[in-house]
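Open the model in your viewer and keep the selection panel at hand. The tour goes chain by chain, with a few close-up stops on the way.

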Amino acid sequence: MNATHEMIQVINLRKKFGRLVALDGVNLTVRRGQVIVIIGPSGSGKSTLLRCINHLETPTEGEIWIERQKITGNQRQLNAIRSQIGMVFQHFNLYPHLTVLENVTLAQRIVRKIPKSQAEAIAMHHLERVGIADKARFYPAQLSGGQQQRVAIARALAQDPKIMLFDEPTSALDPEMIKEVLDVMLNLAEEGITMVVVTHEMGFARAAADEVIFMDYGKIIERATPEVFFSQPAHERSRAFLSQILSH
Amino acid sequence: MAVKETIEAKQQIASPQLTGAEIREKIRLFPWWTVGLIGVFVLTAHLILTRPSYQDAFNFIRAGVGVTVQTTLVAYGIALVLGLFTGLGRISHNIVIQNLGTLYVELIRGIPMLVLIFFIAFVGVPAGVGLLNQIGEWFSQIGLQLIAQPLIQLENSSVPMTTRAIIALSVTYGAFQAEIFRAGIQSIGRGQMEAARAQGMTYWQAMRFIILPQAIRNVLPALGNDFVSMLKDSSLVSVLAVRDITQIAKLYAGRSFQYQEAYVTLAVLYLMMTVVLSALVKWIERRVRQDERNA
């Protein structure tokens, strides 16, 4: 493997919650510009893996490297590394007491010390990118779920991240709002942003993923291109999972 | 905006002529108790204006209002700071800080306020002065005379009772407010802290910019109610001979033997202050709710 292209490297990652083993020896390499979609049944450890990558969960064992910087056990650099990883949550987690514009500028200003006017220009650029610039002065509660999630994506993009993590970004949305969010994500994928996406949207996986990772019981069961994975999955468990979700 | 529109819509629907049922409903919802309250104020005002004995009592006792208000305001300000930091300490991951915070809260909650006021004034403050003297000695030994001298010269008897009263009130209320702040912070969903940390903010940046602004807004009514409670509890400092309205009323009653005049005036003065403050708290509460609706 060419070291310069490795964006994320996960080495033998284990995570336990009490007695429950959420991640059981996960190894994963994500190269620059890759779009990785992680799928699997609930409780398979997909979200935990994502949350370990930016250290929202502290791994029990193993190492995580972001661009040749070790993130595990690196408390001092943690905030700096995190500021380069954009995260989009299932429940948006916008800051309800701040306007859309303030949501997108706050971290720029206090983490990266960017002056207000410049931060606002950056924010407006990204809000336009997700098609919601006209709501800049609104509060999150005044927006629909789909609009809120697009703001959350703009907020993450405004960090100028090297990596974007998406943790089931459409699972909390009403069906008619899923498309607007997926469209934004598809655009980002085409622009060559490194993305790791946990989702149940198989259509998105087919259209955007360079590789699909199937997880179950805290392990990576299968890793393949979407063409291969969806047409001829190699493992029994992948087949069982796919037949369950695709049979409707 | 939305609220105004609904009100207008309602007004349009309501016919100018009220039906019997509507009138009964209005009578049922009318806050009659305020009439009673106003009656008490008017009656007292009448007594003060027409009876010289009440007038004397009122003129004498109202001189203490300043001390009561000032003691409450200063103690409340200190209690807010003390409460905020103790509240933050109670949820700290540092077990020493967390346990110290909890110990403080539990100690205060387990002792009657009157006893605490005696204890802090006559045991706590002298012990604190002793400690400062000791620290002064240490500074003196390592040659820092500039800091040492004022500490060594500090005497227990030079700490006025008003100061002791303020310390006692703020230490007591600091513990109550710590619980308010803690509950407020814990009422904010985990996702907020996670989102902030994921953006690279430090714990304290996330607290300062994301968690506390939301938490404090949620606890504003509770903090306001505490201010009203504190104003009433400030009457307890009269046991330290601080010349607040309670103490002055007591002095007046003892000297003139006009107990009825003294204590009616005293009670009505407290009532007036708390009614005004409660209205203010309710107004703030309504404003906050309205903001939430608009947000």
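Select chain A and colour by secondary structure: nine helices and 10 strands appear. Remember throughout that this is a predicted model.

**Stop 1: chain A as a whole**

Zoom out until chain A fills the window. Its C-alpha atoms occupy a box of roughly 55 × 45 × 35 Å along the principal axes. Does the radius of gyration point to a compact globule, or to something else? For 248 residues, a compact globule would have a value near 18 Å; chain A has 18 Å, so the two agree.

Now colour by burial. Of the 248 residues in chain A, 56% are buried. Next, show contacts between residues at least 6 apart in sequence: 65% of those in chain A join residues at least 24 apart. Switch on the surface. Chain A exposes about 11,000 Å², and carbon and sulfur atoms supply 47% of that area.

Then pick out the charges. Chain A carries 28 positive and 26 negative side chains. The centres of the two sets lie 8 Å apart.

**Stop 2: the open sheet**

Select strands 1, 2, 4 and 5 of chain A. They form an open sheet in the order 2-1-4-5, with antiparallel pairing. Which strands sit at the edges? Strand 2 (20–31) and strand 5 (69–70) of chain A do, each pairing on one side only.

Move to the middle of the order. Strand 1 (residues 6–17) and strand 4 (residues 61–66) of chain A are antiparallel partners over five bridges. Show A:Arg14 and look across to strand 4 of chain A: A:Glu61 stands opposite.

**Stop 3: a covered strand**

Select residues 85–88 of chain A, which make up strand 6. Is this strand covered on one face or on both? Both faces are covered. A:Ile85 and A:Met87 are buried on one side, while A:Gly86 and A:Val88 are buried on the other.

Add residues 163–167 of chain A, which form strand 7. Strands 6 and 7 of chain A run parallel and are joined by four bridges. To find one pairing, label A:Ile85: its bridge partner in strand 7 of chain A is A:Ile163.

**Stop 4: A:Lys219**

Centre on A:Lys219, in strand 10 (residues 219–224) of chain A. Is this lysine buried, exposed or partly exposed? A:Lys219 has a relative accessible area of 39%, so it counts as partly exposed; the partly exposed class runs between the 20% and 50% cut-offs.

Show the surroundings. Leaving aside residues up to four places away in sequence, A:Lys219 touches A:Asp24, A:Ser44 and A:Phe214. Add A:Lys46 as well. A:Lys219 and A:Lys46 are 173 residues apart in sequence, but 9.1 Å apart in space, C-alpha to C-alpha.

**Stop 5: chain B**

Hide chain A and select chain B. What secondary structure does it hold? Chain B has 13 helices and zero strands.

Zoom out again. The C-alpha box of chain B is roughly 85 × 70 × 30 Å along the principal axes. Its radius of gyration is 25 Å, whereas a compact globule of 295 residues would have one near 19 Å.

Repeat the burial colouring: 38% of the 295 residues in chain B are buried. Among contacts with a separation of 6 or more, 75% in chain B are between residues 24 or more positions apart. The accessible surface of chain B is about 17,000 Å², with 67% belonging to carbon and sulfur atoms.

Finish with the charges. Chain B has 24 positive and 17 negative charges, and their mean positions are 3 Å apart.

Conventions. Residues numbered from 1 in each chain as written. Chains lettered and ligands numbered in written order. Predicted model: local features only at pLDDT ≥ 70, side-chain atom pairs only at ≥ 80, totals over all residues. Heavy atoms only, no water. Helix = DSSP H or I, 4+ residues; strand = E, 2+ residues; numbered from the N terminus. Rg over C-alpha atoms; globule rule 2.2 N^0.38 Å. Buried < 20%, exposed > 50% of the residue type's maximum accessible area, 1.4 Å probe, protein only. Contact = heavy atoms within 4.5 Å. Areas by Shrake-Rupley, 256 points an atom, 1.4 Å probe, with all protein chains shown as cover. Lys, Arg positive; Asp, Glu negative; His and termini not counted. Charge placed at Lys NZ, Arg CZ, Asp CG, Glu CD. Pairing = 2+ DSSP bridges.
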